Amino acid sequence: MTPREITSRMEAMATSQVLISPSLHYTRSWLERARGLVTILILIPFGAAGLLSSPVFAGSHLARFLFESAGWIVFLAGAGFRLWATLYIGGHKGKSLVTEGPYSVCRNPLYLGNLLLTLSIAFFMQSLTFAAGLLIASIVFGSVTIGSEERRLRSRLGAAFDEYCARTPRLLPRWSAYHGPEIIPVDARCLRIEAKRALQYIWIPLICQTLAHLRTEAWWPQWFSVLP
C-alpha cells in the first residue's frame, strides 16, 4: 500500500465518524457520582468473607491448576480487549462516535475488558463468595457508568446513536458484526496512559495467587470455613 493510499484510508476513516457536539450539558445523578463508593461498600463484606475462608479447591491440585489457568485466560482477554479498544478510541473519546474494530462487535469494549480483569480476581483467589461480590459490584458499576455515557451520547447524537445501538450489542461481543479498516491512526499519548494502567493491573495475578496460597496456611484465620 502506497503512502497516498494510507493517507486516503485514514482520511476516509476520520470522515466516517460521527462528531459529538460538546455544547450539550449532561447532569449526573447522585448514583453516578457515588458509584465508586457504592461499589466498594458492596465489595467489603464479600471480600472479607472470601479472604477469611479457605480456597474452593485447596486440596485438589488439578482443580487449582484449572482455576488458575481460567484466571490467566480471562485476565489476558481483559487486557487484550482494553488494548484493542484503546487503539481505536484513543484521541476520539468524547469527540466522535467510533463504530469500527472492537466497537463494531460491542459498544463498550473497554468496560468488557474491565469486567474480565475483575472476574479474573475471583479465579485467582479461588473464592466463589468473592466472585459473587465482584459480579454484583461490576453489574452495579457497569450499569450506572455505561447507562450514563449512553444517555449522554444519545442526547448529543440522537438517531445516529440509536442506529448504532440497534446493530451493536452493549457488552457481549457479536463477532459476526466485526468490520474495521486495515490501517488506523494511533494516538501515542493514549497508549502511554493505557501502559501506565497496565502497570497497575499487571499485579493482579501475583497478589491474588499469593493471597490464595496464604489462605491455605494453618495460621491464616478462617472464620467462614463453610463458605467456598
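**Ser120 and the aromatic pairs around it**

Leaving aside residues up to four places away in sequence, Ser120 touches Gly71, Val74, Phe75 and Ile204 in this predicted model. Ser120 belongs to helix H6, which spans residues 109–125, and its relative accessible area of 0% falls under the 20% limit, so Ser120 counts as buried. A polar atom of the Ser120 side chain lies 2.6 Å from the backbone oxygen of Leu117.

Phe75, one of the residues that Ser120 touches, also belongs to an aromatic cluster that it forms with Trp72, Phe124 and Tyr201. The structure as a whole holds 11 aromatic pairs. Among them, Trp72 and Phe124 are arranged edge-to-face, with 5.5 Å from centre to centre and 80° between the planes. Because Trp72 sits in helix H4 (residues 61–89) and Phe124 in helix H6, this pair ties together parts that are 52 residues apart in sequence. The two partners are covered to unlike degrees: Trp72 is partly exposed at 37% relative accessibility, whereas Phe124 is buried at 0%.

Another aromatic pair, Phe81 with Trp175, is tilted, its centres being 6.0 Å apart and its planes at 45°. This pair links distant parts of the chain, 94 residues apart, since Phe81 lies in helix H4 and Trp175 in the loop between helix H8 (159–167) and helix H9 (188–201). Phe81 is buried, with 10% relative accessibility, while Trp175 is exposed, with a relative accessible area of 52%.

On the surface, Leu37, Ile40, Leu41 and Ile44 make a nonpolar patch of about 410 Å². Leu37 is part of helix H3 (residues 35–51), and its relative accessible area of 54% makes Leu37 an exposed residue.

Note on methods
Residues are numbered from 1 along each chain as its sequence is written. This is a predicted model: local features need pLDDT of at least 70, side-chain atom pairs count only at pLDDT 80 or more; totals for chains, interfaces and linings use all residues. Side-chain values use heavy atoms; hydrogens and water are left out. Patches are made of residues with over 30% relative accessible area and no salt bridge: like charges are joined within 9 Å, nonpolar side chains (Val, Leu, Ile, Met, Phe, Trp, Tyr) within 5 Å. Accessible areas come from the Shrake-Rupley method with a 1.4 Å probe; for residues, only the protein chains shown count as cover. A salt bridge is a side-chain nitrogen of Lys or Arg within 4 Å of a carboxyl oxygen of Asp or Glu. Helices (H or I, at least four residues) and strands (E, at least two) are DSSP runs, numbered from the N terminus. Buried means under 20% relative accessible area, exposed over 50%, partly exposed in between (1.4 Å probe, protein chains only). A polar contact is a pair of N or O atoms within 3.5 Å; within protein, one must be able to donate a hydrogen and the other to accept it, and residues adjacent in sequence count only if both atoms are side-chain atoms. Contact means heavy atoms within 4.5 Å. Rings of Phe, Tyr and Trp (its six-membered ring) pair if their centres lie within 6.5 Å; planes under 30 degrees apart count as stacked, over 60 as edge-to-face and the rest as tilted.
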